[in-house]
Amino acid sequence: MAPVSKAERKALMDAGTWIFNVVTSVGIIMVNKALMATHGYSFATTLTGLHFATTTLMTVVMRWLGYVQPSHLPLPELIKFMVFANLSIVGMNVSLMWNSVGFYQIAKLCIIPVLCLFEVVFDNFRYSRGTKLSIMVVLLGVGVCTVSDVSVNTRGLAAAAVAVWSTALQQYYVHYLQKKYSLGSFNLLGHTAPAQMASLLVLGPFVDYWLTNKKVYSFDYSPIVIFFIVLSCIIAIGTNLSQFICIGRFTAVSFQVLGHMKTILVLILGFIFFGKEGLNLQVALGMLLAVVGMIWYGNASSKPGGKERLSHPEKSPEDGRV
């Protein structure tokens, strides 16, 4: 048997990383959908805090076992990341509450153009025409199969803007911090997960009460609800880790573009497990268009000149320099 080349090994690692992220992301969405839609647990912010609690426990165990080496992340960088990440979580929840589902989906699609802007401005990336067109096809396809009713209001627009920019900043910052401070995925999670756990578990119950008018401590925690919460937290370890690995190995834009495969899979699994209501020709064509765009993006961006850095500026998204 011929030895595996370095390029083949990298391709296998890349594919494995994407599969890991897709499986854990789709899994946690389906579990959370069952937890919230079927069992009425609507405390999304607090649940995210619990996710980071189990992720923190994982990083502590890995460090204790010697798989994670000590590393340093300056406190100001950690605080900035925590602000971006928590604003993203709260912003997305508020955007969903104040906007129609259609406008909420459109806002989520706007994350990719914002990330492209960051890569052009801060990393001096340039995209070929084929790469740009493939991104547009992905956005169009996902939009066709997810956007239905669209209504806009002032406060909803403001919440969507905060959600889009904070999510883009958080995902860009994952790649930025890993490269600047030579941090692996476990190392970066070891710094950020405890901070997000502490902040979300403290603020989460208040945010959830504001969003739902229900108290997390007054909920009836039946054995099946506790089972789904624990399962969600376990899967979240893989989701959080795989996100950092993917963005570290690729870029935030590639993570978002190819990550829309998760949207398609969630739609398909939703039709399978929760009924076929809403499945029609428009949705099917949108899914097909999105998949074609993802394949096109993967091919176009990997070609010479498809997506390349013209220089290596060390800029930060706050002030344009380090």
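The following exercises, each with a worked solution, explore a predicted model of one protein.

**Exercise 1. Describe the secondary structure of the protein and state what share of its residues is buried.**

Solution. Begin with the count of elements, which comes to 11 helices and 2 strands. Next, follow the order of these elements from the N terminus, which reads α-α-α-α-α-β-α-α-α-α-α-α-β. Finally, turn to burial: the protein has 322 residues, and buried residues make up 49% of them.

**Exercise 2. Find which stretches the UniProt record annotates as "transmembrane region", and examine the model over residues 224-245 and 281-299.**

Solution. The annotation comes from an unreviewed UniProt entry, and it covers residues 12-31, 43-66, 78-96, 186-204, 224-245, 257-275 and 281-299. Taking residues 224-245, the chain in the model is 100% helix and 0% strand, with 32 Å between the end C-alpha atoms. Turning to residues 281-299, this span is likewise 100% helix and 0% strand, and its end C-alpha atoms are 27 Å apart.

**Exercise 3. Work out how the salt bridges of the structure are arranged, and which residues they join.**

Solution. Start from the general principle that side chains of opposite charge can pair when their charged atoms come close. The structure holds 2 salt bridges, and they can be taken in turn.

In one of them Glu77 pairs with Lys80, where the closest N and O atoms are 3.4 Å apart. Both residues belong to helix α3, which spans residues 75-98, and because they are 3 residues apart in that helix, about one helical turn separates them. Their surroundings can be read from the relative accessible areas: Glu77 has 5% and is buried, since buried means under 20%, whereas Lys80 has 27% and is partly exposed.

In the other salt bridge the side chain of Glu77 meets that of Lys180, with an N to O distance of 3.6 Å. Here Glu77 lies in helix α3 while Lys180 lies in helix α7 (residues 154-180), so this pair ties together parts that are 103 residues apart in sequence. Lys180 is partly exposed, with a relative accessibility of 28%.

The last step is to put the two pairs together: through shared partners, the salt bridges join Glu77, Lys80 and Lys180 into one network.

**Exercise 4. Starting from Val83, find how far it is from Gln196 in sequence and in space.**

Solution. First place Val83, which is found in helix α3 and is partly exposed, its relative accessible area being 41%. Then compare the two separations: along the sequence Val83 and Gln196 are 113 residues apart, while in space their C-alpha atoms are 9.0 Å apart.

**Exercise 5. Identify the residues of the nonpolar surface patch and judge whether Trp64 is buried or exposed.**

Solution. The patch is made by Leu57, Val61, Trp64, Leu65 and Tyr67, and its area is about 630 Å². Of these residues, Trp64 is found in helix α2, which covers residues 44-64. The relative accessible area of Trp64 is 72%, and because the limit for exposed is over 50%, Trp64 counts as exposed.

**Exercise 6. Locate the largest cavity and the second largest pocket, and name residues that line them.**

Solution. Empty space can be found by rolling a probe the size of a water molecule over the atoms. For cavities of 30 Å³ or more, the count comes to 1. The largest cavity has a volume of about 40 Å³, and its lining consists of Glu119, Asp123, Phe125, Tyr172, His175, Thr251 and Ala252.

The second largest pocket has a volume of about 350 Å³. Its lining has 18 residues, and those nearest its centre are Phe250, Ser254, Gly298, Ser301 and Ser302. To see which parts of the chain surround this pocket, note the elements that give two or more residues to its lining: α1 (6-38), α10 (252-274), α11 (281-302) and β2 (307-309).

**Exercise 7. Determine where Asn124 and Asn213 lie, and what their phi angles are.**

Solution. Asn124 sits in the loop between α5 (111-122) and β1 (125-127), and its phi is near 60°, a positive value in a residue other than glycine. Asn213 is placed in the loop between α8 (185-212) and α9 (223-249); although Asn213 is not a glycine, its phi is positive, at about 60°. The relative accessibility of Asn213 is 60%, so this residue counts as exposed.

Key
Residues are numbered from 1 along each chain as its sequence is written. This is a predicted model: local features need pLDDT of at least 70, side-chain atom pairs count only at pLDDT 80 or more; totals for chains, interfaces and linings use all residues. Side-chain values use heavy atoms; hydrogens and water are left out. Patches are made of residues with over 30% relative accessible area and no salt bridge: like charges are joined within 9 Å, nonpolar side chains (Val, Leu, Ile, Met, Phe, Trp, Tyr) within 5 Å. Accessible areas come from the Shrake-Rupley method with a 1.4 Å probe; for residues, only the protein chains shown count as cover. A salt bridge is a side-chain nitrogen of Lys or Arg within 4 Å of a carboxyl oxygen of Asp or Glu. Helices (H or I, at least four residues) and strands (E, at least two) are DSSP runs, numbered from the N terminus. Buried means under 20% relative accessible area, exposed over 50%, partly exposed in between (1.4 Å probe, protein chains only). UniProt positions are given in the numbering used here, feature names are shortened, and annotations may be inferred rather than shown by experiment. On a 1 Å grid over the protein atoms alone, a cavity is a set of points where a 1.4 Å probe fits but cannot get out, and a pocket is an open set with protein on both sides within 12 Å along at least five of seven lines; lining residues have an atom within 4 Å of a point. Grid points are joined across faces, edges and corners, and a volume is the space filled by probe spheres set on the points.
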